[in-house]
Amino acid sequence: MTKLHIFTRGLVKDNAVFVLMIGLCPALATSSTVRDGFGMGLAATFVLVFSNLLISILRKNIPNEVRIPIFILIISTFVTIIDYMMQAFQPDLYRALGVFVPLIVVNCMILGRAEAYASKSSVLDSVLDGLGTGLGFTLALTVMGTLREVLGNGTFLGMSVFGESFQKAPVIFMIMSPGAFLVIGILKALINKYVKKELR
Amino acid sequence: MKSPALIFLAAFLVNNIVLMRFLGLCPFFGVSSTVETATGMGMAVIFVMTLAAWITWIVFNVILLPLNLVFLRTAIFILTIASLVQLVEMFLKKSYRALYNALGIYLPLITTNCAILGVTFLNIDNRFSLLNGTVFAIGTGLGFTLVIIVFAAIRERLDLAPINPALKGYPISFIAASLMALAFLGFTGLFGLT
């Protein structure tokens, strides 16, 4: 596999949210606006890249029997770092994401990449894999956030899209919880119908 | 300060953990193919959630807070819950065989259930007392069980329904969950809870 393939695997072909259907909790909970979705995606990407990096460096020194607790400790270290950094530099975003920032630690996407890839691969490949998977997650959350914010609030990143009259009565349903389930359900149906066949 | 009864209702219905807070979606979609497995999963979650709420509350207020180690919260909580689940599994296997046979296979799955860790964090963030934290955990666990059993019943019917092939499986399940969430929005404002 070339370096480009390693990067694009997680970005498109095995996209965590749209294809593998993992990491759903943060994907649905934080995609009510573009900013929240994008911020959550970047936070998860940070944790993924650095935990992949550290696990790959230490992969020959981690005893096989206790590897899962060690992976979890490494991941939770980076989660704590991003938790405190976001609290200090992006307090509004931190408040909006709430409990989902510390919960990055149980995102199966991250432990999955550590176990399936970083613990067996070279340092550069692991970082590329983490970056691709993380940005794929960010992409999915941003797409969902865009659809939900534009329809549910009439804005994109706070800027008005359809003008005043739409914003007075938007489809509020979309930024509430049923909208999240509906958007991912319809996106998944479209992917099943149009995308998957060509990739196979 | 809210009364325990209101905390229970808010956790059980108004802020339902799955449909309103989006926690525990993996078991919600993964272990809901039949009503029987959904019930087992729900019971295991109630049990572990309550125990985890107690243990993490004690760990946080007795060890982490006095020693100024709050920044270790994430790491300590996940390790505590992982070892708790292992201990519970071993204890049930030895002492309560019937209960183990009913819940056993669901217990290992629970370690990766973000609902459990989420509830322990929410307990701390809301500064609940031990009593309120327990009530909150039981209410949340019951809310999870209610929703996953209803959802499993819906999915059993969906399996038999004639559905467009593109919608089969996940997409139609998401849309069914969306309609359930819409129904649960109706609980907003119950007894003035939001």
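In what order do the elements of chain B run from the N terminus on? From the N terminus, they go α-α-α-α-α-α-α-α-α. Put as a count, chain B has nine helices and zero strands.

Hi everyone, and thanks for coming. Before going further, please keep in mind that this is a predicted model. The predictor gives the complex an ipTM of 0.87 and a pTM of 0.90. For chain B, the mean pLDDT is 88, with 97% of its residues at 70 or more. As a general caution, where pLDDT is low, the predicted coordinates should not be read in detail.

Let's start with the overall build of chain B. Its radius of gyration is 18 Å, and the globule rule gives 16 Å for 194 residues; the two are close, so chain B is as compact as a globular protein of that length. The C-alpha trace spans about 60 × 45 × 30 Å along its principal axes. Of the 194 residues in chain B, 44% are buried. If you like contact maps, here is one for you: among contacts in chain B with a separation of 6 or more, 79% join residues 24 or more positions apart.

Now for one helix in that chain, α3(B), residues 35-64. It has 30 residues, and at 1.5 Å a residue it should span 44 Å; the end C-alpha atoms are 40 Å apart, which agrees. Which residues of α3(B) are buried? Among them are B:A38, B:M41, B:G42, B:V45, B:V48, B:W57 and B:F60. The cover over the buried residues of α3(B) includes α2, α4, α5, α6, α7 and α8 of chain B.

Over in chain A, have a look at helix α4(A), residues 34-57. Its 24 residues should span 34 Å at 1.5 Å a residue, and its end C-alpha atoms are 34 Å apart, so expectation and model agree. In α4(A), 17 of the 24 residues are buried, so this helix is largely enclosed by the rest of the structure.

Finally, the place where the two chains meet. How many residues does each chain bring to the contact? Chain B brings 29 residues and chain A brings 31 residues. On the chain B side, the elements giving two or more residues are α2, α4, α7 and α9. The largest share of that side, nine residues, comes from α9(B). By class, the side of chain B that touches chain A has 24 nonpolar, four polar and one charged residues.

That's my tour, and I'm happy to go back to any part of it.

Notes:
Residues are numbered from 1 along each chain as its sequence is written. Chains are lettered from A and ligands numbered from 1 in the order in which they are written. This is a predicted model: local features need pLDDT of at least 70, side-chain atom pairs count only at pLDDT 80 or more; totals for chains, interfaces and linings use all residues. Two residues are in contact if their C-beta atoms, placed from the backbone, lie within 7 Å. Helices (H or I, at least four residues) and strands (E, at least two) are DSSP runs, numbered from the N terminus. Ala, Val, Leu, Ile, Met, Phe, Trp, Tyr, Cys and Pro count as nonpolar, Asp, Glu, Lys and Arg as charged, and the others, Gly among them, as polar. pLDDT is the predictor's confidence in each residue, from 0 to 100. The expected span of a helix is 1.5 Å times one less than its number of residues. A residue is buried if 20 or more other C-beta atoms lie within 10 Å of its own, exposed if 12 or fewer, and partly exposed in between; C-beta atoms are placed from the backbone. The radius of gyration is taken over C-alpha atoms; the globule rule is 2.2 Å times the number of residues to the power 0.38.
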